[in-house]
Amino acid sequence: MIETRQLTKRYGHLIAVNEINLNLKEGDVFGFIGPNGSGKTTTMKMIATLLSPDYGEAYVCGKSIYTHQAEIRRLVGYMPDFFGVYDDMTVIEYLEFFAAAYRISGPARRKVCEEKLELVDMTFKRDAMVNQLSRGQTQRIGLARVLLHEPQVLLLDEPASGLDPRARIEIRNLLKRLGELNKTVVVSSHILPELADVCTRVGMIEKGQLLVDDYVDEVMKKARRHIVLNVRVQEGTERAAGLLESHPLVESVSITGKGVIEAVLVAGTLDYSPLPTLLFESGFKLLLFREEDVNLETAFLELTQGLVQ
């Protein structure tokens, strides 16, 4: 659905996007992760045919961004991080205006607008003025707008930017629903928890270079260089920590303020079954023994260098 080959964009001496290669299939929900200024928006604008690359190629549904721009724009729904609304329109009028721009006419226009309002849970605001909506509600109306023409590809640039916690949860739930529609979705963000439960694939970009591009499970595996165990015993925390630290499978041990022992295992260790056996046979009663999860934030810190443009 989306393929880029050495896609590059320069601004003078600054290389905003440096030879990015992507290959996204139908149904992929691609989390485009990176700090502000890393090249996320520039890449998405080139894919949407809103910006011309200096080098490289990109295809959307098999169509080149150089020779089939009009066709691509009919296939793509692009939502920028900030967009304006019209002061003198209600929500339903706003959507019908854009539906008309997409050449949806007659009874079908009102029907599709009502359907998209229901999809984004904004039916209760259909007759409200668009300039009186909250930031979160405006974002949801923006999503409804880009879905009007049933695009096969969605490019969502920082859809949760500037939202309060409740609005971010609502947008995240909506993104999950979009993923279930079998569309190809690219969603950019520098707020990693927003993407952790939504994306099937992740790309990490830094200074215009795509450092990581893989399915979420594979990214987590790459970031898991050392397994960390969380252990809590009923009593004798320091003795238990010392016992674990002396074992050849354990590289280092620390105790948190909550009395949880964090044991970092030697790199490459996959079988740590001797450790709970050791504690049990030494007379300790285990209250907690689990492998610490690798989250998207940990993976980002492990796999990137923290460079900015």
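**Figure 1. The surroundings of E19 in strand 2.** E19 has its place in strand 2 of this predicted model. Its phi is positive, at about 50°, although E19 is not a glycine. Most residues other than glycine have a negative phi. E19 has a relative accessible area of 41% and is therefore partly exposed, a class that lies between the limits of 20% and 50%.

**Figure 2. The hairpin of strand 1 and strand 2.** These two strands form a hairpin with two residues between them. In the turn, G12 has a positive phi of about 65°. The pairing of strand 1 with strand 2 is antiparallel and runs over seven bridges. One position to locate in this view is K9, whose bridge partner in strand 2 is V17.

**Figure 3. The open sheet and its edges.** Four strands make up an open sheet, arranged in the order 2-1-4-5 with antiparallel pairing. Strand 2 (14-24) and strand 5 (63-64) stand at the edges; each has a single partner strand, so one side of each is left without a neighbour in the sheet. Strand 1 (residues 2-11) also pairs with strand 4 (residues 55-60), in the antiparallel sense and over five bridges. Within this pairing, R5 has E57 of strand 4 as its bridge partner.

**Figure 4. C61 in the loop between strand 4 and strand 5.** The loop that joins strand 4 to strand 5 contains C61. Phi of C61 is near 55°, a positive value in a residue other than glycine. With a relative accessible area of 24%, C61 counts as partly exposed, because the limit for a buried residue is under 20%.

**Figure 5. Helix 1 and the residue that follows.** Helix 1 covers residues 40-47. Six of its eight residues are buried, so helix 1 is largely enclosed by the rest of the structure. The buried residues are K40, T42, T43, M44, M46 and I47. Just after helix 1 comes T49, which takes a positive phi of about 65°.

**Figure 6. The largest nonpolar core.** This core has 44 residues, and those with the most contacts inside it are Y94, L95, I141, L143, L156 and L178. Helix 3 (residues 91-101) supplies the largest share of the core, with six residues. In soluble globular proteins, nonpolar side chains tend to be buried together. The view may be centred on I141: leaving aside neighbours within four places in sequence, I141 is in contact with V91, Y94, L95, L117, M122 and L133. A second, separate core holds 22 residues, including I2, L24, V76 and V153.

**Figure 7. The two sides of helix 6.** Helix 6 (residues 165-179) has 15 residues, which at 1.5 Å a residue should span 21 Å. The end C-alpha atoms of helix 6 are 21 Å apart, which agrees with that expectation. A167, I171, R172, L174, L175 and L178 are buried in this helix. Seen down the axis of helix 6, the buried residues fall within an arc of 165°, so they line one face of the helix. An α-helix has 3.6 residues a turn, so residues three or four places apart point the same way. On the other side of helix 6, P165 and R166 are exposed. L178 also belongs to the residues with the most contacts inside the largest nonpolar core.

**Figure 8. V266 and its contacts.** V266 lies in the loop between strand 13 (261-265) and helix 10 (274-281). With a relative accessibility of 32%, V266 counts as partly exposed. Apart from neighbours within four places in sequence, V266 is in contact with H226, P248, L249, V250 and E251. V219 may be located for reference: V266 and V219 are 47 residues apart in sequence and 20 Å apart in space, C-alpha to C-alpha.

**Figure 9. The setting of the close-up views in the whole protein.** The protein contains 11 helices and 14 strands. Its C-alpha trace spans about 80 × 45 × 30 Å along the principal axes. Of the 309 residues in the protein, 48% are buried. Among contacts between residues at least 6 apart in sequence, 68% join residues at least 24 apart. The protein exposes about 15300 Å², of which carbon and sulfur atoms supply 49%.

Key. Residues are numbered from 1 along each chain as its sequence is written. This is a predicted model: local features need pLDDT of at least 70, side-chain atom pairs count only at pLDDT 80 or more; totals for chains, interfaces and linings use all residues. Side-chain values use heavy atoms; hydrogens and water are left out. A nonpolar core is a set of buried Ala, Val, Leu, Ile, Met, Phe, Trp, Tyr and Cys residues joined through side-chain atoms within 4.5 Å. Buried means under 20% relative accessible area, exposed over 50%, partly exposed in between (1.4 Å probe, protein chains only). Contact means heavy atoms within 4.5 Å. The expected span of a helix is 1.5 Å times one less than its number of residues. The arc is that of the directions from the helix axis to the C-beta atoms. Accessible areas come from the Shrake-Rupley method with a 1.4 Å probe; for residues, only the protein chains shown count as cover. Two strands pair if DSSP finds at least two bridges between them.
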